[in-house]
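Dear colleague,

I am passing a structure on to you with this email, and I would be glad if you opened it and kept it in view while reading. The notes below it go through what was found, one topic at a time.

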Amino acid sequence: MTCAYITHRDCRLHEMGEGHPECPERLDAISDYLLSTGVMSLLIPYEAPPATPEQLARAHAMLYVRELMARAPREGYVHVDPDTSMNCHSLTAALHAAGAAVLATDLVLKGEVNRAFCAVRPPGHHATREAAMGFCFFNNVAVGIRHALDVHGLERVALADFDVHHGNGSEDILAGDERVLMVSTFQRDLYPFLGNVPLGLNMANIALAPGSGGAELRRAFEESWRPRLEAFRPQALYISAGFDAHRADEMGGLRWVEDDYAWITRNLVEVAERHCGGRIVSCLEGGYHLFHLARSVAAHVKELAGAA
């Protein structure tokens, strides 16, 4: 089993001010831990290219893409929402983050690797078709999915999102697209305070009560995710991999641990093996407790690489 590890050094240059939880140290914590534990040796490294305007426009309104590019500052910060801002490196980082999902799609669908993990920031699943929000500028995973559908010609692609926050941007972009099934878990009544009412029949949203742990995750998968995924029979599986549902992460109130991330990944791998030759593209979303972020990513990636 081969698994790509896709990142770019410019993703570490984007920052939104001192004390902001979505910080460059997130990627440092991940890479340092993967290197020190030998997990990185299981992965094939790739450098993420920048996404092109054409690639971004498959998921976003071109007017939004142009306006965001025009707002990129030469110095200081420009706020795009109350908790999301751009510095002079943010646009470049966001382009490489979205480009990572495109490269991952090409690698997996051309059979050069079986799976890919995109260790990039800024994250993407809150970015809607026409707006940046929630630390996100471009919706990386949606850009990758639309590339798989519109360029590679796939007919059925599934997205599994297990961030503590609902991937409202992904739902906004993909709802009603019969070629896509999105299954998601998230904490109820937490930012962005959406998801309780799905926007389309191709959405399976499971809102978990605060304090929910591994048992509730497993129940959601077995009762909702698995039957929908098995019936859909995806030709490729994408993951919005958020690690802020960890019990140590102060961004939410769920109580998952590293073993839960390993379990959900293992079961998604099994679905992918049955229906799409094991083809998986995973994109980093949330996760802000650096110690447990790194260990949770390692648990996730080891399952992707078939080395758990």
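A disulfide is counted when a pair of cysteine sulfur atoms lies within 2.5 Å. Please keep in mind that what you have is a predicted model, and that this structure holds zero disulfides.

Two cysteines show how that count comes about. The sulfur of Cys11 has its closest cysteine sulfur in Cys118, at 9.7 Å, which is too far for a bond. The sulfur of Cys23, in turn, has its closest cysteine sulfur in Cys11, and because 14 Å lies between them, that pair is also too far for a bond. As for their surroundings, Cys11 counts as buried with a relative accessibility of 0%, and Cys23 is buried too, with a relative accessible area of 15%.

The next topic is how helices pack. Helix α8, which covers residues 258-275, and helix α9, which covers residues 290-304, have axes that come within 8 Å and cross at roughly 25 degrees. Since angles under 35 degrees count as roughly parallel, α8 and α9 are therefore roughly parallel to each other, and their crossing is right-handed. If you would like to find the contact yourself, look on α8 for Glu258, Tyr261, Ala262, Thr265, Arg266 and Val269, which meet residues of α9 including His292, Arg295, Ser296 and Ala299. The residues of this contact divide into five nonpolar, four polar and four charged.

A second pair is formed by helix α4 (residues 90-109) and helix α5 (residues 140-150), which pack at an angle of about 35 degrees with their axes 8 Å apart. Here, too, the crossing is right-handed. On the α4 side the contact involves, among others, Ala94, Ala97, Ala98 and Ala101, and on the α5 side Asn140, Val143, Gly144, His147 and Ala148. In this contact of α4 with α5, eight residues are nonpolar, four are polar and one is charged.

Finally, is Thr185 buried or exposed? Thr185 has its place in strand β7, which runs over residues 180-187, and with a relative accessibility of 2% Thr185 counts as buried. Leaving aside residues up to four places away in sequence, Thr185 touches Asp161, Phe162, Asp163, Ile206, Leu208, Ala220, Trp225 and Trp256, and you may find it helpful to select these residues together with Thr185 when you look at the strand.

With best wishes

Definitions and conventions
Residues numbered from 1 in each chain as written. Predicted model: local features only at pLDDT ≥ 70, side-chain atom pairs only at ≥ 80, totals over all residues. Heavy atoms only, no water. Axes fitted to C-alpha atoms, helices over the stretch in contact; angles between N-to-C directions. Helix = DSSP H or I, 4+ residues; strand = E, 2+ residues; numbered from the N terminus. Parallel < 35°, antiparallel > 145°, perpendicular 65-115°, else oblique. Left-handed = near helix turned anticlockwise from the far one by under 90°. Contact = heavy atoms within 4.5 Å. Nonpolar A, V, L, I, M, F, W, Y, C, P; charged D, E, K, R; others polar. Buried < 20%, exposed > 50% of the residue type's maximum accessible area, 1.4 Å probe, protein only.
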